[in-house]
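Notebook open, coffee poured. Today I am looking up two spots in this model, one in each chain.

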Amino acid sequence: MSATLRNTWTVTLHELTDSIRSRRAIVLLILYALNAVVATLLFVKVLHEIENQLEKAAGVAQAENAGGTTSALWKNRGFREMISHLVGSRETAEKLLDIPPLALFFGWLSFFYTPLLVMLMSASRISEEMWTGSVRFMMFRTSRLSWCVGKYAGQALQLLVALLLSGLAAWITGWCRMAFFDPGPNAAAIAVFSLKAWVYGIAFLGLAMGVSQTIASPNVATAVGFIAMVVCAVLSMFADWITRQPWREILNAVDLVVPGGHKMDLWLPDAAHVGPATVFLLALGAAYMLAGYAGFSRRNL
Amino acid sequence: MTAALELKGVVKTYGRRRALDGLDLAVPRGSIFGLVGSNGAGKTTALAVSVGLLRRDAGSVNLLGDGPFDPLRHAGRVTLLPQDSRLPLHARVEDLLWFYGRLQGLAEGALRESIDDVLEWVHLRDRRRSPVRTLSHGMMRRLTIAQAFLGRPELVLLDEPMSGLDPREALRIRAILHHHRGGQTVVISSHDLRELEALCDTAAFIENGRLVRQDSMDNLTRRGQRITYSLEPDGRSIPLDELKLALPDATWETARDGAELTARFESDRLRAPEVNARVCEILLRHRIGILEIRRGSNLEGEYLAATAHAVQDAGPPPTAPVDR
């Protein structure tokens, strides 16, 4: 193993252990898991309400727990509208009818909160080391690139664990609170969405780490990270809405280089969509990170 | 033999201010080298430029004869104790040193041994399992010194190593540095000129980002050329004629109404121990009490004299802004 790779791995492991020692990882895991539990409870409550309305309309006895009328729910127009809204596209929603509703909800939830939590937890990781000067103890021991890539990889592994844990939390909550809950398909679908959310989150992690390398104040870096995330989301929304030429063409091109432009492809179950979207998002994460590194590599520490 | 660290015409600017203005420096291998200068003279900048923490605008740096700093060539061979930098607070002392050592490319066995050694030197062996945040300020300072000696690097750059240390620990660190004399090359930037005078073989005076003077400590303080005797003021006259006769190549000065005698001589003609033996013998034979013997002048006086001109010429020293 070359010195560069060995040092990258050393920094990755240190990033993980440091996160555990500093309780940062614990906070991250609690945030993700708590978020999943609370949101899943709300979802189950809403699902139960819809089921009750449906059963009342059909004149059958109401179930005590949610999920009892799931198959019928899928034929309910209101419910389909809700899923279409969650996914963002009716056409995509039609393709997702085989996926358990709880997994779909978890998918939406994790796509929504992963970028937020990534910015909250990761945008200050390199900034704070510049701020305190602790970076100076490392920069004569390893290359700047190894160190930055190691930090990025360490954060990516933490994110994966956090998402899998939040998926587990949602699955357990669903199992406890839903009357008709198929554990196998739900577990598989939630795990797949955890991985997809991770891929989506990696692009934002690259953005966060890129920002972190260019700003030495942790608080400013976090704020700029959030602004960058909002700008990406706005650009992606405009790309969907604006149809007037030549803006349409320009925004379509912009849509390729913001994470939101590939989100819809991740929703779909087929590899033909998920594969390219995964490659694009991983590449986007690396590109954002390396854009920040271009400044960091020349920076006075 | 090439220098352990060589800077030629190095320029570093912060905005419009020149922190280093064509600095030349050559640190001999195996020496303990003192870097002396007033606040903002460019000492910290010079050390940071040497290990690539700061980008130089012009000039060249040659580390250990292998060109400018490159982590692939120099990692583990050159270390730095940076000024005003905080160690990561959550790591344990031992884990942090382990992390740094692994980055330097040290094998596990050698690293374990090196960690034991450096923690012993800085008196932190009993705190090896403690998180850094639980250490006192002085202990943290000692840990930063320990990290600089991890893995026995060839060149160690220490920026104000003794600041924040209690006298006992400072003495201990000085003894450790003495112990390393001749093996590793150690560059010490400090405002404590007595400390540098006691420790260093060679020193450089820097002002306004330029080298004012670099020489061996013996030459800087004229240790090999001058001996001053403080004498008991009991009215006995100094036997100058006898001294001149015994040591005709030396010149003599008296001061403070005969309470101080200075012998000046060329180091290539007379050796200081030889002069001292003859002078003491004559003074004691004449029953003149010797209260103190000092070799040379002190570094502080020489530094102030050498840099007075540079300091008067310059405006306010450039401040090193933190790049945020």
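I count two residues as in contact if their C-beta atoms, placed from the backbone, lie within 7 Å. This is a predicted model, in which local features need pLDDT of at least 70, side-chain atom pairs count only at pLDDT 80 or more, and totals for chains, interfaces and linings use all residues. Residues are numbered from 1 along each chain as its sequence is written, with chains lettered from A and ligands numbered from 1 in the order in which they are written.

Entry one, chain A. I looked up where helix 1 (residues 3–21) meets helix 8 (residues 144–177) of chain A; helices are DSSP runs of H or I, at least four residues, numbered from the N terminus. On the helix 1 side I found, among them, A:T4, A:V11 and A:L16, and on the helix 8 side A:W147, A:G150 and A:L157 are included. The residues of this contact divide into six nonpolar, eleven polar and two charged; Ala, Val, Leu, Ile, Met, Phe, Trp, Tyr, Cys and Pro count as nonpolar, Asp, Glu, Lys and Arg as charged, and the others, Gly among them, as polar.

Entry two, chain B. I checked helix 5 (residues 137–149) of chain B: its 13 residues reach 19 Å from first C-alpha to last, close to the 18 Å expected at 1.5 Å a residue, where the expected span is 1.5 Å times one less than the number of residues. Just after helix 5 of chain B, I noted that B:G151 takes a positive phi of about 75 degrees.

Is helix 5 of chain B largely enclosed or not? Ten of its 13 residues are buried, so helix 5 of chain B is largely enclosed by the rest of the structure; buried means 20 or more other C-beta atoms within 10 Å of the residue's own, all placed from the backbone. B:M139, B:L143 and B:F149 are among the buried ones. Their cover includes strand 5 (78–81), helix 3 (93–103) and helix 6 (167–179) of chain B, strands being DSSP runs of E, at least two residues.

Conventions:
Buried ≥ 20, exposed ≤ 12 C-beta atoms within 10 Å, placed from the backbone.
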